[in-house]
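User: I would like to learn how to read a few features of a model, one after another. Could you give me the general idea each time and then the case at hand?

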2 protein chains.
Amino acid sequence: MIPILEEAALRTLVTPAIAVRAIREAFRADGEGRTTVPAVINLEIPGARGEFHVKTAHIAGVPHVAVKVASGFYDNPAKGLPSGSGLMALFDAATGLPVALLFDNGYLTDVRTGAAGAVAAEGLAPSTIETVGMIGSGVQARLQIACLRQVRTFARLIAWSPTRARLDRYCDEMRETHGLEVVAADGPEAVCRAADLVVTATPAREPLVRSAWLRAGQHVTAVGSDSPGKQELEAACLARADRVVVDRQAQCAVFGELRAALAAGLALRAAPVELGAVVAGRQPGRTHAGEITIADLTGVGFQDTAIASAAVEKRDGSFFG
Amino acid sequence: MIPILEEAALRTLVTPAIAVRAIREAFRADGEGRTTVPAVINLEIPGARGEFHVKTAHIAGVPHVAVKVASGFYDNPAKGLPSGSGLMALFDAATGLPVALLFDNGYLTDVRTGAAGAVAAEGLAPSTIETVGMIGSGVQARLQIACLRQVRTFARLIAWSPTRARLDRYCDEMRETHGLEVVAADGPEAVCRAADLVVTATPAREPLVRSAWLRAGQHVTAVGSDSPGKQELEAACLARADRVVVDRQAQCAVFGELRAALAAGLALRAAPVELGAVVAGRQPGRTHAGEITIADLTGVGFQDTAIASAAVEKRDGSFFG
């Protein structure tokens with residue numbers, strides 16, 4: 001029988017530290033031209049306000065291929081069911097045989113997204129950070145901090161999200177879990193004004209971050225946009241940045257922060273480059289302390305293959321050899 | 001835990017009779033515009049002579065959506081492993097939640113292909129058949145006969161395939177299993193000359209059936225071609241036919257028998273129509289006894305959703321209400 005790994009086991013196997021290592025190597029492979037990423041299947045279910053998305057990718061050097069099925073059914077909560085669901089199937093990249101089924105309830109997608117934020121910060125954020133700013137207070141706001149701590153040391157967090165009770169809960173948790181000094185801000189401007197590194201992790205459909213609030217030396221990572229209707233950064237932010245890094249050009253142009261900038265016809269200071277090229281050393285990351293940098297992350301199929309393979313390699317004791 | 005259905009259970013649940021009922025209704029749904037069939041994912045694995053294919057589809061009225069992952073790794077046999085592998089995951093079409101995993105070792109794909117041949121024959125073959133001709137002696141040659149018996153009564157089978165021992169084994173089995181009078185032919189011409197209905201079920205890369213061997217009143221179903229390099233019928237067969245029916249226009253034009261006819265610039269007597277339209281009564285099937293008809297079947301994702309859903313509905317006692 002094929003082994004099944006469930007969420008609790010996957011959380012133990014794929015810690016933020018493991019996730020950052022796996023996702024860093026996946027972006028490096030992408031920058032070195034070692035990934036194959038076919039177009040995603042999007043299957044809309046007429047009459048049910050539902051959809052399925054299927055992603056897969058191959059990374060030369062990674063021993064497995066993941067096929068991820070994710071569903072979103074927007075009438076489920078009214079039935080007492082989660083709107084999102086899905087599973088990942090993992091196959092041997094050398095033989096095609098099924099290796100494992102992962103019922104992660106979204107954890108692997110969440111942690112690979114957190115890890116991509118860390119990998120972006122590693123290449124683009126100032127080397128010394130005093131204050132991290134977080135816009136958002138959900139699962140992703142938690143994982144971004146957990147992963148970021150793998151690549152930067154910082155003592156202070158300033159956070160904002162619109163529901164005060166949720167924000168307070170988040171701040172308490174970040175204090176307790178990470179021993180940070182945490183401030184609940186009264187709005188996104190206060191976060192941007194105070195932080196050396198700003199992360200946006202929201203489902204916003206109207207921009208939350210204004211260009212005028214950014215300052216020299218700052219890095220911003222936006223991870224919330226995954227469809228054409230979403231936007232966290234005012235388009236002018238991208239025009240103001242010295243450097244815009246995207247996880248995948250083709251995706252970010254269609255449903256990342258880049259979309260709004262392109263739609264507005266804004267001239268960027270430099271053509272966006274892919275994060276993989278930065279990790280692989282083929283494009284520069286931050287080149288001096290005064291730059292404003294932005295990372296626009298939408299989530300790419302090779303991250304799923306990398307994180308799912310890491311889970312099984314970790315279980316087998318073969319992770320990174 | 002999600003239920004797992006294995007090959008033995010699936011063979012018991014999805015008999016040829018059930019498969020023909022499910023696949024007939026799937027084609028009817030397609031002909032009535034009730035299917036959604038996204039483009040397939042084809043992921044080639046560089047350096048491994050391997051590939052993954054991912055198919056999914058929705059049929060309005062069918063309670064589940066299947067996602068099928070199939071792999072082909074052509075160096076596997078040298079390692080003592082099967083070249084083909086994969087699995088199907090079944091989801092609730094109303095909520096997106098996973099319902100079952102099917103480890104069918106290819107059986108469901110085989111039987112839905114057999115059933116499509118029967119559905120094509122039901123609409124296109126002469127109503128009275130004395131002799132069925134089979135070119136091929138593999139799994140599909142077996143399932144085509146088992147499914148065909150659900151829609152036509154016939155007493156005689158004439159079969160050919162290049163390896164005599166395999167052909168003899170096939171003929172013996174068809175005699176014993178179905179009580180048919182079975183003749184092993186000495187070549188494909190003898191099959192075509194003797195049969196009222198000819199089925200080709202081979203991996204041929206050069207045509208096996210010549211146009212000159214066909215005769216008025218005959219129906220031919222070709223099920224072997226599933227990639228641009230394969231071809232079972234001489235292109236002139238399609239030009240000679242009064243009616244060409246395809247399972248999916250877009251697929252058959254690229255990797256069905258239709259491909260060679262289009263590439264040769266041959267004029268067909270009538271534009272090909274889809275099998276779904278025939279089953280739904282929107283296009284005629286056979287209109288008189290003297291017609292030559294051809295069905296070009298490449299396999300469509302909605303067949304996978306139909307057959308996988310039938311398995312679980314059968315298990316639950318809810319198949320066809």
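Analyst: Let us begin with a term needed for loops: helices, of at least four residues, and strands, of at least two, are DSSP runs numbered from the N terminus. Please keep in mind throughout that this is a predicted model.

User: Where does B:N105 lie in chain B?

Analyst: B:N105 sits in the loop that runs between strand 7 and helix 3 (107–124) of chain B. As for the backbone, the general idea is that most residues other than glycine have a negative phi. In B:N105, phi is near 50°, a positive value in a residue other than glycine. In chain A, A:N105 likewise has a phi near 50°, and it is found in the loop between strand 7 (98–103) and helix 3 (107–124) of that chain.

User: Why does A:N105 count as partly exposed?

Analyst: A residue is called buried if 20 or more other C-beta atoms lie within 10 Å of its own, exposed if 12 or fewer do, and partly exposed in between. A:N105 has 18 other C-beta atoms within 10 Å, and is therefore partly exposed. B:N105 also has 18 other C-beta atoms within 10 Å, so B:N105 is partly exposed as well. Across chain A, 55% of the 321 residues count as buried.

User: How is the overall form of chain A to be read, and what is its radius of gyration?

Analyst: The idea here is to set the radius of gyration against what a rule for globules gives for the chain length. Chain A, whose secondary structure comes to 11 helices and 15 strands, has a radius of gyration of 19 Å, close to the 20 Å that the globule rule gives for 321 residues, so it is as compact as a globular protein of that length. Along the principal axes, the C-alpha trace of chain A spans about 55 × 45 × 40 Å. Of the contacts in chain A with a separation of 6 or more, 72% are between residues 24 or more positions apart.

User: Into which domains is chain A divided, and how many residues of each are in contact?

Analyst: Chain A is divided into domain 1, which takes in 4–108 + 302–316, and domain 2, which covers 117–299. The C-alpha centres of these two domains of chain A lie 23 Å apart, and 12 residues of domain 1 are in contact with 15 residues of domain 2. On the side of domain 1 that touches domain 2, helix 2 of chain A provides the largest share, namely 10 residues. That side of domain 1 has six nonpolar, two polar and four charged residues.

User: At what angle do helix 2 and helix 4 of chain A pack?

Analyst: For helix pairs, angles of 65 to 115 degrees count as roughly perpendicular. Helix 2 (residues 16–31) and helix 4 (residues 139–148) of chain A pack at about 75°, with their axes 9 Å apart, which means that helix 2 of chain A is roughly perpendicular to helix 4 of chain A. A:P16, A:A19 and A:V20 of helix 2 make this contact with A:L143, A:A146 and A:C147 of helix 4, and these residues are six nonpolar, with no polar and no charged ones.

User: Finally, how many residues does each chain bring to the contact between chain A and chain B?

Analyst: Chain B and chain A each bring 34 residues to the contact. Strand 5 of chain B gives the most to the side of chain B that touches chain A, with six residues. By class, that side of chain B divides into 22 nonpolar, 11 polar and one charged.

Notes
Residues numbered from 1 in each chain as written. Chains lettered and ligands numbered in written order. Predicted model: local features only at pLDDT ≥ 70, side-chain atom pairs only at ≥ 80, totals over all residues. Axes fitted to C-alpha atoms, helices over the stretch in contact; angles between N-to-C directions. Parallel < 35°, antiparallel > 145°, perpendicular 65-115°, else oblique. Contact = placed C-beta atoms within 7 Å. Nonpolar A, V, L, I, M, F, W, Y, C, P; charged D, E, K, R; others polar. Domains from an automatic or database assignment. Rg over C-alpha atoms; globule rule 2.2 N^0.38 Å.
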